[in-house]
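Colleague: Could you take a close look at one part of this model for me? I'd like to hear about the place where the two chains meet.

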Amino acid sequence: MLQYLIKRIGMAFLVAVLLMVFLALLVHAVPGDPVNAILGQRSTPELVRTVREQMGLDKTVPAQVAQFVGHAFQGDLGHDFVSNLPVTNLIRNALPHTIALAVSSLALAILFGIPLGVLAATRPNGILDRLTGVVSISLITTPSYIAGLYLLLLFSLTVELFPAVGTGSFSHPIGYLQHLVLPAVALALGWIGYFARLVRTSMLEILNANYIRTAYAYGLRESVIVYRHALKNAIIPTVAVLGVGLGELMGGAVFVEVIFSRVGLGSLIVESIETRNYPVVQGCVLTVALLFVLANLLADLSYRFLDPRIRVEEST
Amino acid sequence: MSEPLLRVEGLEVVYRVQGRRLPAVSESGCGKSTLGLALLRLLPQNGEIAGGRLLFRGRDIAALDREELRRIRGSQVAMIFQDPLTSLNPTLTVGAQLLDALRAHGRGAAKDRRGRIVAMLERVGIPDAADRVGRYPHELSGGMRQRIMIAMALLLEPALLVADEPTSALDVTLQMQILELLRALRRDRGTAILFISHDLGVVSEICDRAVVMYAGRPVEEADIRTMFEQPRHPYTQALLASIPSWRRRGEELGSIRGRVPSLFDLPPACAFADRCPHVRAVCREQPPRYLGAGRRVRCHIYDSASGYASSPPSLTARAGLR
């Protein structure tokens, strides 16, 4: 297990380094001179030189890469062109809101998706199963920005239940949660459907297993069989996609944050792309990507924890 | 004598395969496992009891409601399954699975349950039982897994134990240990055992009475001694002739030509007719009756009203005993 852990963390580290190299090259990947793109009409030869220096564009490409990676490891992601604040500060302010959004969406997806899948699987082809089938597919195919817009129209404008825009502040938890509800639901809907389908499929398979027959043969209660004996096995494939899921949620957060005018990494990325604010884009993308790597690592480890058979294979 | 513990009356199980209803005869077996599963109403989704009755303590098992059925399962009728690896949950420790069985029937005080489980594991011969309760099935050997299954069955002290080929996955030494365990259980607690097996040697070790099944039907029933010494049905005779024996050293072993008939194409009269060395015309015309009380046999030879004696020998008999 320890050996596996070290190997897995090493891989994650390697991915992170490659990512930084790629981000350092991002400036050159976009067509046109980056400095002109940033300055636009304000461009003067002097300004161009300053910006060039600031971005390290006067150096050779390998040196640029080395500098970016080196700084990034020290927690320095450069400065925002517009405000001249350190990028890390911007990220530090935005990140908690995005994490709050992604985690609460994931929680909603787990809370509703898994029981829906279980209920559908226990009475296959029943009314509930057919209904959740239709609903799940509808939810999966609805993009979060469409869901977001409709939720906004319905529950903030037509029925004034939740605030339409803004983030609220952590110092007012209730207000913050009220601001969080609609964006989180918008982001979670697709995943509720996805989890429901996934859990249903694996539950149907597991419920036919011999050991489930054994559980019935020994008079265990249906609830114990379904939620303890079957779900524990059926949940394993779902956990495997959780890591990818969290990454997707971060991506989906971009749209939702823009629609609901929330502070967050997503809206920060969109804003800085519009102003060609390269350091901010780089910093934000790096953060999202690192979170993605971390989420995958955690999902992979918890998956191993759930399935004891894998635990042994790795330790011997 | 009062009501017998278990009574099977003309049980008929059908499986729906591609829309057709088939009698409960599987490729490998003759409906032995089906009988065991039907007893606990654990038939697969496409199977159902289509006729006859299964009476446990005089009550029709098919008529029990869900909760009554749940209470009987495990605590009154317990089953040992054929394949212990797939029959145990891979993600729960064996201790947890045994504990759930005890809990389901509210047996024992919560704090004593672990002790009971460890004691039972020791009884079925699991070394280091206190450590093994915390193990997962895949961490144990095949023999140990089977003993876990047996421990689960014994833990609830059922009146009837259905053992579906409990030893066929094990080597001979383990087989003997398990059989000894089952014998001790019967002796000490008076547990009735329905032992499902294709292995006549094992059957002779443990059973008092035997029912021979062929193509989904019982064909002969007798106490074990009579069955072995005076088998009547040609199928039983052929089966016994195929067992290697020390007493018949040097002789060629008997074998039965042909194979169990296809599910889709069961002979209309006697299912064994095509393979029977004594087949006559009547065997292909009329289904034999299952006659007798206690000592029963399903064969025209022993049915004086069947006209077997006057029926001409079948010229089309393709197979027979060698």
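Modeller: Sure, and keep in mind that this is a predicted model. Let's start with a salt bridge: the side chains of Arg228(A) and Asp100(B) come together with 2.8 Å from N to O. That pair counts as a salt bridge because the cut-off is 4 Å between a side-chain nitrogen of Lys or Arg and a carboxyl oxygen of Asp or Glu. Across the interface of chain B and chain A, two salt bridges turn up by this rule.

As for polar contacts, 14 residue pairs make them between chain B and chain A, counting pairs with both residues at pLDDT 80 or more. On the side of chain B that touches chain A, the elements giving two or more residues are helix 2 (66-72), strand 5 (77-80), helix 3 (84-87), helix 4 (94-104) and helix 7 (142-155) of chain B. Sort the residues on that side of chain B by character and you get 19 nonpolar, seven polar and six charged.

Stepping back to the whole contact, chain B puts in 32 residues and chain A puts in 23 residues. Together the two chains bury about 2,400 Å² between them, and carbon and sulfur atoms give 55% of that area.

A word on chain A itself, since it is one of the partners here: it splits into domain 1 (2-73) and domain 2 (99-263). Taken over C-alpha atoms, the centres of domain 1 of chain A and domain 2 of chain A are 37 Å apart.

Conventions:
Residues numbered from 1 in each chain as written. Chains lettered and ligands numbered in written order. Predicted model: local features only at pLDDT ≥ 70, side-chain atom pairs only at ≥ 80, totals over all residues. Heavy atoms only, no water. Contact = heavy atoms within 4.5 Å. Buried area = accessible area lost by both parts, 1.4 Å probe. Polar contact = N/O pair within 3.5 Å; in protein donor to acceptor, adjacent residues only side chain to side chain. Helix = DSSP H or I, 4+ residues; strand = E, 2+ residues; numbered from the N terminus. Nonpolar A, V, L, I, M, F, W, Y, C, P; charged D, E, K, R; others polar. Domains from an automatic or database assignment.
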